[in-house]
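Student: I'm new to this one. Could you take a close look at the cysteines for me, and at whatever bonding there is among them?

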Amino acid sequence: MSICQPAMGNGFIKIHAPYKESFSCTEHWDGQFKSLGDALGTDCVIQKLVDVEGRVFQRTFRNQGFENTDWFGFGKDVLAPCDCVVEAIHINEATNNPGMMIPGRASSITFRNKDYTRVLLAHVRDIRVKEGQEVKAGEIVAKVGNNGYSRNPHTHIAAWSEDKIPLQIQFDQTTLGIKTRQEIAK
């Protein structure tokens, strides 16, 4: 298979960045997970530039990362992926300690856009929307959490078409690094 061809013929979806801060993502490769909500999903972690003895590194946590509050993203705003409707919400009250998991379904929000594409945001906390609510892309909908099958604070993002075909996530480049760009401009 040529590297330039779409993987396994699956489609793509372009969505708003999940955060205002700088972040990195690790994609679930095609075939790694079979279930909707996991297949072709991506796990995104907020990063911060850290100065260590005059050397600057992009890091995801301070200290050893053993506490959720060590992670730069824990409790940060999670943004709506699109102009859409909140279709479903699941709450998991447990909060994992970094490096350890409490098995169970993660807190999540499922969004539906006008063509019935679904986008899922999972491992979130402090959900600020309700089922049936209309939201705009970039609106704050929750905070970064660490629950369900999660080893550290992050947001899992997945999408699928109306006919339940997993979609690969692309972020609208104009929505990336909003906070970082604003800080640099000062």
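Tutor: Let's start with a yardstick: a residue is buried under 20% relative accessible area, exposed over 50%, and partly exposed in between, using a 1.4 Å probe and protein chains only. Keep in mind that this is a predicted model, where local features need pLDDT of at least 70, side-chain atom pairs count only at pLDDT 80 or more, and totals for chains, interfaces and linings use all residues. Residues are numbered from 1 along each chain as its sequence is written, and side-chain values use heavy atoms, with hydrogens and water left out.

Now, the bond. A disulfide is a covalent bond between the sulfur atoms of two cysteines; here the test is a pair of cysteine sulfur atoms within 2.5 Å. By that rule there is one disulfide, and it ties Cys25 to Cys44, with 2.3 Å from S to S. It links distant parts of the chain, 19 residues apart: Cys25 lies in strand β2 (residues 23–27) and Cys44 in strand β3 (residues 42–46). Strands here are DSSP runs (E, at least two residues), numbered from the N terminus. The torsion about the S-S bond of Cys25 and Cys44 is about 100°, so this disulfide is right-handed.

How do the two partners sit? Cys25 has a relative accessible area of 30%, so it is partly exposed. Cys44, at 0%, is buried. Two other cysteines are worth a glance: Cys82 counts as buried because its relative accessibility is 13%, and Cys84 counts as buried at 5%.

Methods:
Helices (H or I, at least four residues) and strands (E, at least two) are DSSP runs, numbered from the N terminus.
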